[in-house]
Amino acid sequence: MSDFVRVAAASDLADGEMRQVQADGTDVLLSRVDGAFHACTAFCTHYGAPLATGVLDGTTVVCPWHHAAFDVASGALCEPPAPDALRTFEVRVEGDDVLVRVPEDADDHGEGIAYRESDGETPAMASASASEDDRVFLLLGAGAAAEACAEALRTEGYRGRIVLVTKETRPPYDRTKLSKAYLAGDAGDDALRLRDGAFYESHGIEVWTDRTVTGLDPDKRTVTFEEGDPVTYDAALVATGGTPRRVPVQGADLDGVLLLRSWEDAQDLVRRAEGVESVAVIGASFIGMEVASSLRARGVDVTVVDREEAPFAATLGPEVGRVFQSAAEEKGVSFRLDASVEAIETVHADPDDETPRRLRVVLGDGDVEADLVVLGVGVAPATDFLKRAPFRRDDGGLEVDATLRAAPGLFAAGDVAAFPDPRLGRSVRIEHWRLAQQHGRAAARNMVAEGDPTMSSVPFESVPFFWTGQFGVNLRYVGHAEEWDEAIVDGALDEREFVVAYVEGGAVRALAAVGRDRDAAAFHRLLARGAAPSPDAFRAGVDLQQALRDVG
Ligand SMILES: Cc1cc2nc3c(=O)[nH]c(=O)nc-3n(C[C@H](O)[C@H](O)[C@H](O)COP(=O)(O)OP(=O)(O)OC[C@H]3O[C@@H](n4cnc5c(N)ncnc54)[C@H](O)[C@@H]3O)c2cc1C
Ligand code: FES
């Protein structure tokens, strides 16, 4: 065991402050809360953001990049998308010196299921001994929501069988990287897996790949598959995500018109993009714009086509959208906006040659020719196997109650779930990675509680959050506002350093931030505490970090 080393003067750190310091060559996050000093790993276990650049609220630190939250006192992981807890280190105060002792293996994060329970302790993981509990919990889809649910079931103390089912050929992976680092060529296959295979084995989580769900009978609690025998469950989670849409025009399914949802889609796109000169991207929202950014980084000529006046116009408003448009144009991307796709055709080298050479996106006013076309025009909930269920809406979403329950023993989470938003007072369906993981965790708790009279179900109340990164511009978005009466801008859009508060029904429902990560994290905590500043406060230029400190 190494010795204690001095890392700071106690008087250097006010209460409620944190700082990155060095102890024996190891980066440590030192924080002071209610007079007590805490030391833990300095970097987020998700993608390694320096936590000292986030926000400290009580003993909770919010990561500046994708808003994972950790408890600095116990190291416990409180909110996704980070997979693991932080390591904590011993702290001693002598006079005005703060001393920290880090073990020699301090940089190893280790892998563990480490969510915090409400009492602030890191829960022990239940063992997966089937002999103690013969229940079967079936988790349909092995994406963000189902994977998080599987892990959380163990932290909730569930000891029966957990079966994660996916039609894909691979165990759970990080879908969000597909359109970013993976497509740009900055991350390989190894960087995509959420956990290694041994992890699921050691936690008694069965992963069934290549299994397509074809039916679910909520009354008989039975699931049928394209291949293999039906399975009867005690509790099930539907978390089958979305099926990407094609534009409803002739030629939308031609060879060379590609979708991006799965690892296989991304591999196909990477393979086909090698050696091509040009790609037309239809859809200037998240997938389309990220694909444009990553393909441009590969040196491909990209034209983005959308019927809106600016990228992201529907989600963020045209003013914010134009920030991304200008960043894309600086990198050489062309746009065809306010444009309606009428058809997609093949272009032949000469009339006698049947071999298609290129594709033509037919627009009302001038066409776009390209070697490939990528569609990023949204997804539909992948719930065809539940077509006759009374809780399935016309849009394919599954209506659930506040505990994410659709029927007895049946829960839904992630992109498919239409859940009551406690802040908006209506049912919403939100397609975000972090929210899907939060759903998965909440559903786990309620699946266990349903069969245990000593436990109570908990309503889902977490704050939605998403991020996107493209053309060097990173956006954080907290809350949810589908339509808004006013968008209050604080900062400079043209300098790509601003927050925008979206006002609906007299309250700020959501905030988008570029270059203001700390403010976005502070707003996240304020919204979660029901203390979001008023529209008037935003108009007057509220200091969000101070507002959080004032809430105390
Ligand atoms: C390329 C890309 C980039 C993204 N980037 C971001 C981002 O930066 N930030 C963000 O917040 N969100 C992002 N998203 C959205 C985010 O990935 C989704 O909101 C999230 O994955 C939803 O999780 P889920 O568990 O509901 O569904 P998914 O993660 O889609 O998992 C569903 C799983 O169910 C499987 N499945 C479907 N039907 C069946 C069936 N019948 N039988 C068996 N298995 C089935 C699917 O194959 C899939 O593996 C991105 C999405 C994509 C496609
Ligand atoms: S790097 Fe911390 S949440 Fe992603």
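**Ligand 1 and a helix pair**

Hi everyone, let's start at the ligand: 31 residues surround ligand 1, and those that come nearest are Glu168, Lys180, Val213, Arg261 and Asp415. Please keep in mind that this is a predicted model.

What is the make-up of that shell by residue class? The residues around ligand 1 split into 13 nonpolar, 10 polar and eight charged. Several elements each supply at least two residues of the shell: helix H1 (144-155), helix H2 (178-184), helix H8 (433-450) and strand S33 (465-470). H2 gives the largest share, three residues.

Now for some polar atoms. An oxygen atom of ligand 1 sits 2.9 Å from a backbone N or O atom of alanine 145. For arginine 175, a side-chain N or O atom is 3.0 Å from an oxygen atom of the ligand. Tryptophan 433 offers a polar backbone atom, 3.1 Å from an oxygen atom of ligand 1. And how much of the ligand's accessible area does the protein cover? On its own, ligand 1 has 1000 Å² of accessible area, and the protein covers 94% of that.

Let me move on to the helix pair. Helix H9 (residues 517-528) and helix H11 (residues 544-551) have axes that come within 8 Å and cross at roughly 35°. The crossing of H9 past H11 is left-handed. On the H9 side, the contact is made by Arg518, Asp519, Ala522, Phe523, Arg525 and Leu526, while H11 brings Leu544, Gln545, Ala547, Leu548 and Val551. By class, the residues in this contact are seven nonpolar, one polar and three charged.

That's my tour, thanks for listening!

Terms used. Residues are numbered from 1 along each chain as its sequence is written. Chains are lettered from A and ligands numbered from 1 in the order in which they are written. This is a predicted model: local features need pLDDT of at least 70, side-chain atom pairs count only at pLDDT 80 or more; totals for chains, interfaces and linings use all residues. Side-chain values use heavy atoms; hydrogens and water are left out. Axes are lines fitted to C-alpha atoms, for helices over the stretch in contact, and angles run from 0 to 180 degrees between N-to-C directions. Helices (H or I, at least four residues) and strands (E, at least two) are DSSP runs, numbered from the N terminus. A crossing is left-handed if the near helix is turned anticlockwise from the far one by less than a right angle, and right-handed if clockwise. Contact means heavy atoms within 4.5 Å. Ala, Val, Leu, Ile, Met, Phe, Trp, Tyr, Cys and Pro count as nonpolar, Asp, Glu, Lys and Arg as charged, and the others, Gly among them, as polar. A residue is near a molecule or strand if one of its heavy atoms lies within 4 Å of it. A polar contact is a pair of N or O atoms within 3.5 Å; within protein, one must be able to donate a hydrogen and the other to accept it, and residues adjacent in sequence count only if both atoms are side-chain atoms. Accessible areas come from the Shrake-Rupley method with a 1.4 Å probe; for residues, only the protein chains shown count as cover.
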